Amino acid sequence: MTIVMGHIVKGHGASVRIETCGKTFADGTRALEPASLDIARGETLVLLGPSGCGKTTMLRIIAGLELPDPGGKVLFDGKDMTSVPIERRNVGMVFQSYALFPNMSVADNIGYGLKISGVPKAERAARVAELVALTNITGLENRRVDQLSGGQRQRVALARAVAIRPGILLLDEPLTALDAALRERLRSELNRLLRALGITTIYVTHDQAEAMELGDRIVVMRKGAIAQIGSPREIYFTPQNRFVAEFIGAANIIEAPLEGGHLVLPGGRQPLGGDQSQPAAIAMIRPETIGIVEFAGAPLSGTIESVIFIGDRQRVVVSGASDKPLIVDAPNTVQARPGERVGLLIAPDAVRLLPPGD
Ligand code: ATP
């Protein structure tokens with residue numbers, strides 16, 4: 001996408017602070033445990049988690065569509081906004097359903113917020129033209145929204161949300177309704193757009209690839225509580241608990257006794273990084289960190305149960321090495337056949353010990 005930066009002011013995002021915001025709905029549903037969170041100016045924060053974990057509720061509290069339980073506070077740039085209505089919060093919003101005006105043209109949809117806030121016609125037209133170029137919908141300005149494809153509508157919704165130059169952009173599963181290929185393309189366009197605009201963005205999704213690509217930081221949520229906050233790399237490589245380890249990417253979870261800095265497994269002894277003195281552990285090993293090597297002399301060994309060729313790699317399941325079959329993502333050049341006995345090589349640092357419990 002061509003990024004045109006004429007009228008678009010970069011870096012005008014507001015900081016957001018959420019202080020002990022919980023939410024109990026009138027029917028007694030506890031949607032959110034009291035949570036606190038700081039979001040820096042211009043940062044893209046992704047709220048990620050399974051259905052019903054409270055992502056949308058948190059977003060709606062930030063938007064001003066929902067009040068937190070008593071004691072909770074929402075601050076923008078240090079100012080208490082908790083009871084300020086949505087129209088005075090200077091937030092832009094994009095939802096899974098586009099919520100556009102179907103009978104209006106693309107240009108009128110994008111310029112709607114500018115019109116009701118009294119921006120003069122000429123300036124409005126200039127800003128709309130710029131956003132049309134920025135979101136790659138040139139040529140569609142005069143079409144009615146109901147004559148557009150899903151991807152085009154989502155671009156219009158995004159252009160309309162940023163037209164008012166919000167300090168904070170709130171996106172709730174904006175790409176979910178689109179097909180996989182389009183979703184992937186729009187995801188990278190969106191990434192460039194958000195970075196170019198510098199607006200503070202809070203993005204709700206249950207799609208981990210989206211979270212990884214877009215988030216400066218990811219908040220993994222579970223049952224109304226924050227399970228972990230960190231950069232995509234931190235969340236992937238150093239999950240703090242079993243839930244995060246299994247929710248993000250594929251993970252082998254192994255329960256085994258420890259002895260002399262090794263995991264003692266049915267197929268051998270796996271060395272660990274650092275000093276480990278507890279008697280037993282739950283360990284996580286990512287499938288791509290396991291190498292398939294010669295059986296003879298390997299510290300750990302097992303038997304290949306199945307091989308699935310995926311194209312860019314192959315997923316090999318090895319039994320007998322651990323208490324459960326291990327999933328190994330091997331390069332597509334490795335020769336692997338079911339029934340074959342193989343050695344497994346895992347770097348000590350690739351084994352991440354997790355706290356007990358889920
Ligand atoms: P999804 O990915 O399915 O959209 P989510 O993580 O965004 O889920 P929320 O919409 O925040 O989840 O909902 C959290 C919990 O609160 C759910 O159990 C939901 O059923 C409940 N909930 C949401 N809105 C209300 C409401 N108005 N009244 C009662 N319960 C509600």
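Begin by selecting Asn-90, which is partly exposed, with a relative accessible area of 39%. The structure on the screen is a predicted model, and in it Asn-90 sits in the loop that runs between strand 5 (79-80) and strand 6 (91-95). If your viewer reports backbone angles, look at phi for this residue: Asn-90 has a value near 55 degrees, which is positive even though the residue is not a glycine. Most residues other than glycine have a negative phi.

Next, go to another asparagine, Asn-136, which is found in the loop between helix 3 and helix 4. Its phi is positive as well, at about 65 degrees, and Asn-136 is likewise not a glycine. With a relative accessible area of 38%, Asn-136 counts as partly exposed.

Stay in this loop and select Thr-135, which lies between helix 3 (121-134) and helix 4 (150-163). Is Thr-135 buried or exposed? At 4% relative accessibility, Thr-135 counts as buried, because the limit for that class is under 20% relative accessible area. Now show the side chain of Thr-135 together with the backbone of Leu-131, and you can follow the side chain to the backbone oxygen of Leu-131, which it reaches at 2.6 Å.

From there, move into helix 3 itself and select Ala-125, which lies in that helix. Ala-125 counts as partly exposed, at 48% relative accessibility. Add Asp-108 to the selection and draw a line between the two C-alpha atoms: Ala-125 and Asp-108 are 17 residues apart in sequence, and the line spans 9.5 Å in space.

The next stop is Ile-229, a residue of strand 10 (residues 225-230). Ile-229 is partly exposed, with a relative accessible area of 33%. Which residues is Ile-229 in contact with, once its neighbours within four places in sequence are left aside? Select Leu-37, Arg-217, Ile-218, Val-219 and Ile-235, and you have the residues that Ile-229 contacts on those terms. For a longer line, turn to Val-204, which is 25 residues from Ile-229 along the chain, and whose C-alpha atom is separated from that of Ile-229 by 14 Å.

Now select the cysteines Cys-21 and Cys-53. A search of the whole structure finds 0 disulfides, and Cys-21 accordingly is in none, its nearest cysteine sulfur being that of Cys-53, 16 Å away. Cys-53 is also in no disulfide, and the nearest sulfur to it is that of Cys-21. As for their surroundings, Cys-21 counts as buried at 1% relative accessibility, and Cys-53 counts as buried at 2%.

Finally, clear the selection and look at the whole protein chain, which holds 8 helices and 20 strands. Along its principal axes, the C-alpha trace spans about 80 × 50 × 35 Å. Of the 358 residues in the chain, 49% count as buried. Among the contacts with a separation of 6 or more, 68% are between residues 24 or more positions apart.

With a surface display switched on, you are looking at an accessible surface of about 16,200 Å², of which 53% belongs to carbon and sulfur atoms. If you then colour the charged residues, there are 39 positive and 38 negative charges to find, and the mean positions of the two sets are 6 Å apart.

How values were computed
Residues numbered from 1 in each chain as written. Predicted model: local features only at pLDDT ≥ 70, side-chain atom pairs only at ≥ 80, totals over all residues. Heavy atoms only, no water. Helix = DSSP H or I, 4+ residues; strand = E, 2+ residues; numbered from the N terminus. Buried < 20%, exposed > 50% of the residue type's maximum accessible area, 1.4 Å probe, protein only. Contact = heavy atoms within 4.5 Å. Areas by Shrake-Rupley, 256 points an atom, 1.4 Å probe, with all protein chains shown as cover. Lys, Arg positive; Asp, Glu negative; His and termini not counted. Charge placed at Lys NZ, Arg CZ, Asp CG, Glu CD. Disulfide = S-S within 2.5 Å. Polar contact = N/O pair within 3.5 Å; in protein donor to acceptor, adjacent residues only side chain to side chain.
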